Amino acid sequence: QVQLVESGGGLVQAGGSLRLSCAASGRISSYAMGWFRQAPGKEREVVATSNRSGGSTYYADSVKGRFTISRDNAKNMVYLQMNSLKPEDTAVYYCATGTGYRDYESFGSWGQGTQVTVSS
């Protein structure tokens, strides 16, 4: 089971951009990968997922057109490019492995998360 470490969060103004990174301790080529987020007082929700090759992706409606998930299997890295950020994007963002990119319940091996705060 791989260990995941997220980075790249921070404080940004609305309309700004951030790029989150997820470093895995082992090979990720066998896993679907995903980004999830949890805002204060809310349940964790899926943001974006990718199949093993990166050729198929899913985005939550709330981020579609603004966020892009990508992966580099050779480097065991996953990224989330976030543009046009909104205050409602404020949350702790987590990277996770899964067995299928549309099987959201299969995701686990959560990292420690990285805080994203978007000011208005």
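User: In this predicted model, where is S30 found?
Analyst: The model is predicted, not experimental in origin. S30 has a relative accessible area of 48%, so S30 counts as partly exposed. Its place in the chain is the loop between β3 and β4.

User: How many Å apart in space are S30 and T99, C-alpha to C-alpha?
Analyst: In sequence, S30 and T99 are 69 residues apart. In space, their C-alpha atoms are separated by 8.2 Å.

User: Which residue is joined to C22 by a disulfide?
Analyst: The count of disulfides comes to one. Its S to S distance is 2.2 Å, and the angle of -80 degrees about the S-S bond makes the link left-handed. The partner of C22 is C95.

User: How many residues apart in sequence are the parts that C22 and C95 tie together?
Analyst: Both cysteines, C22 and C95, are buried. C22 lies in strand β3 and C95 in strand β9, so the pair ties together parts of the chain whose separation in sequence is 73 residues.

User: How many residues does the largest nonpolar core have?
Analyst: In soluble globular proteins, nonpolar side chains tend to be buried together. Here the residues with the most contacts inside the largest core are W35, V47, F67, L80, M82 and Y93. Elements that give two or more residues to this core include β3, β4, β5 and β10. The size of the core is 33 residues.

User: Leaving aside neighbours within four places in sequence, which residues are in contact with V47?
Analyst: V47 is among the residues with the most contacts inside the largest nonpolar core. With neighbours within four places in sequence left aside, its contacts are W35, F36, R37, Y58, Y59, A60, V63, F67, L80 and Y93.

User: Which side chains of β7 point to one face and are buried?
Analyst: The side chains alternate along β7. T68, S70 and D72 point to the face where side chains are not buried. The buried ones, on the other face, are F67, I69 and R71.

User: Which residue in β8 does I69 stand opposite?
Analyst: β7 and β8 pair in the antiparallel sense over six bridges. Together they form a hairpin with four residues between them. Across from I69 in β8 stands L80.

User: What is the phi of N76?
Analyst: N76 is found in the loop between β7 and β8, in the turn of the hairpin. Its relative accessible area is 17%, and therefore N76 counts as buried. N76 is not a glycine, yet its phi is positive, at about 55 degrees.

User: Which residue in β10 stands opposite L11?
Analyst: Strand β2 and β10 pair in the parallel sense over four bridges. Along β10, T114, V116 and V118 point to one face and are buried, while Q115, T117 and S119 point to the other and are not. Opposite L11 stands T117.

User: In what sense do β9 and β10 pair?
Analyst: One opposed couple of residues is Y93 and T114, the latter in β10. The two strands, β9 and β10, pair over three bridges, and the sense is antiparallel.

User: How many degrees lie between the planes of F36 and W110?
Analyst: The count of aromatic pairs comes to four. F36 and W110 form an edge-to-face pair, with 4.9 Å centre to centre. This pair links F36 in strand β4 to W110 in the loop between β9 and β10, 74 residues apart. The angle between the planes of F36 and W110 is 90 degrees.

User: Is F36 buried or exposed?
Analyst: Ring pairs link F36, Y94, F107 and W110 into a cluster. W110 has 31% relative accessibility and so counts as partly exposed. F36 has a relative accessible area of 5%, which means that F36 is buried.

User: Which residue lies over the face of W110?
Analyst: A residue over the face of Y79 is R19, at 4.0 Å from the ring centre. For W110, the distance from the ring centre is 3.7 Å, and the residue is R44.

How values were computed:
Residues are numbered from 1 along each chain as its sequence is written. This is a predicted model: local features need pLDDT of at least 70, side-chain atom pairs count only at pLDDT 80 or more; totals for chains, interfaces and linings use all residues. Side-chain values use heavy atoms; hydrogens and water are left out. Rings of Phe, Tyr and Trp (its six-membered ring) pair if their centres lie within 6.5 Å; planes under 30 degrees apart count as stacked, over 60 as edge-to-face and the rest as tilted. Buried means under 20% relative accessible area, exposed over 50%, partly exposed in between (1.4 Å probe, protein chains only). A charge sits over a ring if NZ of Lys or CZ of Arg is within 6 Å of the ring centre and within 35 degrees of the ring normal. A nonpolar core is a set of buried Ala, Val, Leu, Ile, Met, Phe, Trp, Tyr and Cys residues joined through side-chain atoms within 4.5 Å. Contact means heavy atoms within 4.5 Å. Two strands pair if DSSP finds at least two bridges between them. A disulfide is a pair of cysteine sulfur atoms within 2.5 Å.
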